[in-house]
Amino acid sequence: MKWRFALLVALVLLLALARLSVGPHLDGAGAMHFGVAMPTAETLPFRANAVAGAAVVGLLLGLAGLALQALLRNPLASPYTLGVSSGASFGVACVLAIAATTGISTQALGGEFGGAVFGAALSLVLVWMLAKRATGRDGVALALAGIVLGGVMSSGAMLLEQIVPRGLRGDLLAWMAGRIPELPDPSALVALWILGVLALIVLWKAAHLLDLLMLDDDEAAAAGVRLASTRAGLFIIGGLLAAAAVSFAGPIGFVGLVAPHTARLFIGHRHRLLVPSTALCGVIVVLSADLLRQGLDVGTGRLPVGVITALAGGPFFLWLLSRSRRGGSEWNL
Amino acid sequence: MLLRSFSFASACAVFGVLAACDRGGTADPERPSTTAIRIASFSPAMSATLVDLGCESNIVARSPWCTDVAKSLPVVGDFRDFDAERILLVSPSHIVLQPPLSGINPALESFAKAQGIALVAVQLDRMRDVRQFVSSVAPLASDAARVRARLDAIDAIPLVDVHAPRVVVLVSAEPMLAAGGANYLTDLLPIVHLRNALDAEGWIECSHEALAARDPDLLLGIAEREESVAGLRRALESIPCRASRSGRIVVVVSPELLRPSTRSIDAMRALQSAIDAVLRTTSEQAP
């Protein structure tokens, strides 16, 4: 297993190097082409920012997906199952609507970032409270509360989208496509890295607990797992990581779902290796998507990364899945 | 309002400096010449005006929607997003854009500031905004007579005649999107002796009933391309009002009218014969 883990590390480094080395360049006639173009002193900061941003978003979403799949015991769980993405979209729509109706600038209201943080946090709190009222925060209640609240928040965002002046409507759509900023707020980037590394350490330390959580409730409790507090911890970690990633780059879909499963296919189900491998897989998915975006030009300017993660990541994951099944690999959470 | 004033002021200041630089018969080596001006246009409407004024050679990069400039020009951004690396490659001296209502992307502002690129952000809602933009970019144009002619053409747009026939101008069938009161198309309608039947500002998403309630004298559809004509015509015909019942419907393909630019005036003027023909035919048919 260790060589597989080393392979993932090598792949991350390779992708980061590739992302630093690919970009647009001009030919003699002034036409722009895309391919290998070594960075200059001017372009290196943009590429380095993109690598740092893509890596941290992948790390956060991958770990969020792993935490929530463990919490909900559901292989289809992703960071967005708890309504984080819809909540963040609703928050952004709120900021745009308030700015449009009151004349206050969006920046004064915290901008899209502030709106996304508010919306994602609101969504998490509501899901937690709703699940508690229902059946005491078990996995099913949390997933149901998240899905229902996500639907409500999405509709709320769409309603606000209709209310704001037409000139603002594309803002929400553009944000929802998901982008890795080339010029991020440095303090936000540092904060995300600190959060990501802390979460990685905490989940890695709790690997044994996560293994036990895969058993049913009675067995896990008999093995000494304090179910309520462990679930609360996973909910907070998963929700927080997803909210941070969405606030920074918009709702980049698919990563939180694919990264943990890809890591399981490579590494297996023991969380001691699965936790860091999932983080690496998340980084690989987002970095690959951003690399594709950087090297592709379809005449529309920068493509949203969220589109590429789904378009390229989906078929790749299915291919991986079919290969693993042919090889007789286990496919259980 | 504050943003718009600031944008206009910035535009005027930037290009005002350029105007001062180019005035006079002798070249000053200390001052930049117009050939040194490289524009990245993030606005199709601004590109159309710049091309119309003969500044096409100054445009070095575009947005995906700038159809009036060469397709070979690299796409480097639009009013919401931009690619810093691509912009650096084409090294523009200016970026012109129509900012969204939420304001200029702060990342673009800081990037432009750091790279010493002048950011010219102007919202083109009315024809007076287009005039401001033309005045601002006038120093770039090699043909001063053409600039003067365009400014005169804007100044010559007649005021609204309160007795003119009322028209609903539809630019999209799904959703039904109509030009509202404070809109450059409303400013242009007096050229063809019409006035807007809608008062609300900007672009208005309307229902059939809301449009029927206005009971316009004429229904005008403006399509970007030929394929949209049938859909627009169907939408206009389905509005239950006297104009649709009596066939007072005109649908034209005119991309120039869908972007507020100096070209919009001639494009509106070109509609006159079609509008007159429909109004004449239907008035002859009336008992």
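**Two interfaces of chain B**

Let us begin inside chain B of this predicted model, where domain 1 of chain B and domain 2 of chain B bury about 1300 Å² between them, with 57% of that area on carbon and sulfur atoms. Asp52(B), Arg126(B) and Met127(B) are good residues to find here: they supply 38% of the area that domain 1 of chain B buries against domain 2 of chain B, more than any other three residues.

To place these two parts along the chain, look for domain 1 at residues 16–155 and domain 2 at residues 166–285 of chain B. Taken over C-alpha atoms, the centres of the two domains of chain B lie 30 Å apart. Where they touch, domain 1 of chain B brings 17 residues to the contact and domain 2 of chain B brings 11.

What links the two sides? Three salt bridges are found across the interface of domain 1 and domain 2 of chain B, and seven residue pairs, both at pLDDT 80 or more, are in polar contact there. On the domain 1 side that touches domain 2 of chain B, the elements giving two or more residues are helix H2 (44–52), helix H5 (127–137) and helix H6 (144–155) of chain B. Of these, H2(B) gives the most, with six residues. Sorted by class, this side of domain 1 of chain B has 10 nonpolar, two polar and five charged residues. While you are in chain B, you can also look up the side chains of Arg259(B) and Asp68(B), which meet in a salt bridge at 3.6 Å, N to O.

Now turn to the neighbouring chain. Here 24 residues of chain B are in contact with 33 residues of chain A. Chain B and chain A bury about 2300 Å² between them, and 57% of this area is on carbon and sulfur atoms.

Which side chains form a salt bridge with an N to O distance of 2.8 Å? They are Arg179(A) and Asp81(B). The interface of chain B and chain A has three salt bridges, and four residue pairs, both at pLDDT 80 or more, are in polar contact across it.

On the side of chain B that touches chain A, two or more residues come from each of helix H3 (84–90), helix H4 (106–115) and strand E8 (203–205) of chain B. H3(B) provides the largest share of that side, six residues. By class, the side of chain B facing chain A divides into 16 nonpolar, two polar and six charged residues.

Notes:
Residues numbered from 1 in each chain as written. Chains lettered and ligands numbered in written order. Predicted model: local features only at pLDDT ≥ 70, side-chain atom pairs only at ≥ 80, totals over all residues. Heavy atoms only, no water. Domains from an automatic or database assignment. Contact = heavy atoms within 4.5 Å. Buried area = accessible area lost by both parts, 1.4 Å probe. Salt bridge = Lys/Arg side-chain N within 4 Å of Asp/Glu carboxyl O. Polar contact = N/O pair within 3.5 Å; in protein donor to acceptor, adjacent residues only side chain to side chain. Helix = DSSP H or I, 4+ residues; strand = E, 2+ residues; numbered from the N terminus. Nonpolar A, V, L, I, M, F, W, Y, C, P; charged D, E, K, R; others polar.
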